[in-house]
Amino acid sequence: MAGTVKVDDAAHTASRKFLSIIDGGFQQSISQLSAAGNILSDQSHWDGKHAAEFRSAWSGAQADLNKIKQSLDEFQRKFDAVLKNISQAGGNG
């Protein structure tokens, strides 16, 4: 016996917005942040006491950003399946 599926227009809209944020702006922002951090951590661009403090903190932040990006990539693949199921369910809410 199949369960009842409820999907309304708000769910459709939210799911598309969710995917749009992950796929577009958010992933791009992470990439841009990483690129800027890499330039700032390069001694040929910035050096001195504060630059050294930044480089020390950046290595951990860079690793965290990479983990976030990988998690988002994995979540996006899973969410694609959810979005497909929502679209197939239609608007029977």
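**Two helices: a trainee and a mentor**

Trainee: How much area does the protein expose, and what share of it do carbon and sulfur atoms supply?
Mentor: The model is a predicted one. The exposed area of the protein is about 6,600 Å². Of this, the share supplied by carbon and sulfur atoms is 56%.

Trainee: How many helices and strands are there in the secondary structure?
Mentor: One helix, α1, covers residues 9-40. Another, α2, covers residues 49-89. The count for the protein is two helices and zero strands.

Trainee: Does the end-to-end distance of α1 agree or disagree with the span it should have?
Mentor: Helix α1 has 32 residues, and at 1.5 Å a residue it should span 46 Å. Its end C-alpha atoms lie 45 Å apart. The two values therefore agree.

Trainee: On which residue is the kink in α1 centred?
Mentor: The kink in α1 comes to about 40°. The residue at its centre belongs to helix α1, residues 9-40. That residue is Ile-21.

Trainee: Is Ile-21 buried, partly exposed or exposed?
Mentor: Its relative accessible area is 42%. Buried would need under 20% and exposed over 50%, so a value in between has its own class. Ile-21 is therefore partly exposed.

Trainee: Which residues form the nonpolar patch on the surface, and what is their accessible area together?
Mentor: A patch residue needs over 30% relative accessible area, and Ile-21 has 42%. Ile-21 is joined in the patch by Phe-26 and Ile-68. Together the three have an accessible area of about 260 Å².

Trainee: What share of the residues in the protein is buried?
Mentor: Helix α1 has buried residues, among them His-12, Ser-15, Leu-19 and Ile-22. Gln-27, Ile-30, Ser-34 and Gly-37 are also buried in α1. For the 93 residues of the protein, the buried share is 22%.

Trainee: With which residues is Ser-34 in contact, leaving aside its neighbours within four places in sequence?
Mentor: Ser-34 sits in helix α1. With a relative accessible area of 10%, under the 20% limit, Ser-34 is buried. Its contacts beyond those neighbours are Trp-58, Gln-62 and Leu-65.

Trainee: How far apart in space are Phe-79 and Phe-18, C-alpha to C-alpha?
Mentor: Phe-79 is in helix α2, and at 10% relative accessibility it is buried. Leaving aside neighbours within four places in sequence, its contacts are Ser-15, Phe-18 and Leu-19. Phe-79 and Phe-18 are 61 residues apart in sequence, yet their C-alpha distance is 9.2 Å.

Trainee: What share of the contacts with a separation of 6 or more comes from residues 24 or more positions apart?
Mentor: Phe-79 and Phe-18 are in contact, and their separation in sequence is 61 residues. That pair falls in the group 24 or more positions apart. The share of this group is 75%.

Trainee: How many salt bridges does a search of the whole structure find?
Mentor: Asp-47 and Arg-55 form one, at 3.2 Å from N to O, and Arg-55 is buried at 18% relative accessibility. Lys-78 forms another with Glu-74, with closest N and O atoms 3.2 Å apart. The search finds two.

Trainee: By about how many helical turns are Lys-78 and Glu-74 separated?
Mentor: Lys-78 is exposed at 52% relative accessibility, whereas Glu-74 is partly exposed at 41%. An α-helix has 3.6 residues a turn, so residues three or four places apart point the same way. Lys-78 and Glu-74 are four residues apart in helix α2, so their separation is about one helical turn.

Definitions and conventions:
Residues are numbered from 1 along each chain as its sequence is written. This is a predicted model: local features need pLDDT of at least 70, side-chain atom pairs count only at pLDDT 80 or more; totals for chains, interfaces and linings use all residues. Side-chain values use heavy atoms; hydrogens and water are left out. Patches are made of residues with over 30% relative accessible area and no salt bridge: like charges are joined within 9 Å, nonpolar side chains (Val, Leu, Ile, Met, Phe, Trp, Tyr) within 5 Å. Accessible areas come from the Shrake-Rupley method with a 1.4 Å probe; for residues, only the protein chains shown count as cover. A salt bridge is a side-chain nitrogen of Lys or Arg within 4 Å of a carboxyl oxygen of Asp or Glu. Buried means under 20% relative accessible area, exposed over 50%, partly exposed in between (1.4 Å probe, protein chains only). Contact means heavy atoms within 4.5 Å. The expected span of a helix is 1.5 Å times one less than its number of residues. The bend at a residue is the angle between axes fitted to the seven residues ending there and the seven starting there.
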